[in-house]
Amino acid sequence: MRAIGRAWGWRQQLERGDVATLADLAADEGLSDRYVSRLLRLAWLVDKLSRQIDTLDGDLAVLGETVAQFIHYWMTITPPLPDAARQSARAKAAERFEGFMQNLGRRLATGDRFLKELSRDVSGDEALGLAAEPQTVERGT
């Protein structure tokens, strides 16, 4: 961590123009150009990773809110079941949930991701010209 902090300081010196070149910086620190160069690359990498984590954090927040809103909407519009149907509905729900968990486990184990699959499908449709114009359905009068 000290090395990253040190490299961050060097980066700021270079950006402010306190030192003209990497070689000048290395000479001022009594270090080799190669060592200073490696640490500077590490500082830039840490900065890039930090920005990517911030982006993922925002994406995760959007995903969580989307799922929560979908569940809230679903629960709001779904009418309650009559007492006679609850037993069979619970059994069917348990069966479907088990299938869901097996499918989720399989997809996570193989690295398949729905969003990647979706983006491939959308890209394929656009390449074929299928997504260019929405289709209209004519109704008989």
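1. A residue is buried when its relative accessible area is under 20%, exposed when that area is over 50%, and partly exposed in between. On this scale Phe-100, with a relative accessible area of 47%, is partly exposed. The model is a predicted one, and the remarks below should be read with that in mind.

2. On confidence: the protein chain has a mean pLDDT of 84, and 87% of its residues reach 70 or more. Among the elements of the chain, helix α4 (residues 83-110) has the highest mean pLDDT, at 93. Helix α5 (residues 114-128) has the lowest, at 69.

3. On aromatic contacts: the count is 2 aromatic pairs. In one of them, the ring centres of Phe-97 and Phe-100 are 6.1 Å apart and the planes meet at 35°, so the pair is tilted. Both residues belong to helix α4, where they are 3 residues apart, about one turn of the helix.

4. On salt bridges in helix α4: the model has 7 salt bridges, including the following two. Asp-83 and Arg-86 are joined through their side chains at 3.2 Å, N to O; the two residues are 3 apart in helix α4, about one turn. Asp-83 is exposed, with a relative accessible area of 62%, whereas Arg-86, at 36%, is partly exposed. The side chains of Lys-92 and Glu-95 form a salt bridge at 3.5 Å, N to O, and here too the partners are 3 residues apart in helix α4, separated by about one helical turn. Lys-92 is partly exposed at 37% relative accessibility; Glu-95 is exposed at 52%.

5. On a salt-bridge network: Arg-11, Glu-15, Asp-47 and Arg-51 are joined into one network by salt bridges that share partners. Within this group, the side chains of Asp-47 and Arg-11 meet at 3.5 Å, N to O. Asp-47 lies in helix α3 and Arg-11 in helix α1 (residues 2-16), so this salt bridge ties together parts that are 36 residues apart in sequence. Asp-47 and Arg-11 are both buried.

6. On the nonpolar surface: Leu-60, Leu-63, Val-67, Phe-70, Ile-71, Tyr-73, Trp-74, Met-75 and Ile-77 form a nonpolar surface patch, with about 990 Å² of accessible area together. One of its members, Ile-71, is found in helix α3 (residues 33-77). Ile-71 has 45% relative accessibility and therefore counts as partly exposed.

Conventions
Residues numbered from 1 in each chain as written. Predicted model: local features only at pLDDT ≥ 70, side-chain atom pairs only at ≥ 80, totals over all residues. Heavy atoms only, no water. Patch = residues over 30% accessible without salt bridge, like charges linked within 9 Å, V, L, I, M, F, W, Y side chains within 5 Å. Areas by Shrake-Rupley, 256 points an atom, 1.4 Å probe, with all protein chains shown as cover. Salt bridge = Lys/Arg side-chain N within 4 Å of Asp/Glu carboxyl O. Helix = DSSP H or I, 4+ residues; strand = E, 2+ residues; numbered from the N terminus. Buried < 20%, exposed > 50% of the residue type's maximum accessible area, 1.4 Å probe, protein only. pLDDT = per-residue confidence, 0-100. Phe/Tyr/Trp six-rings, centres within 6.5 Å; stacked < 30°, edge-to-face > 60°.
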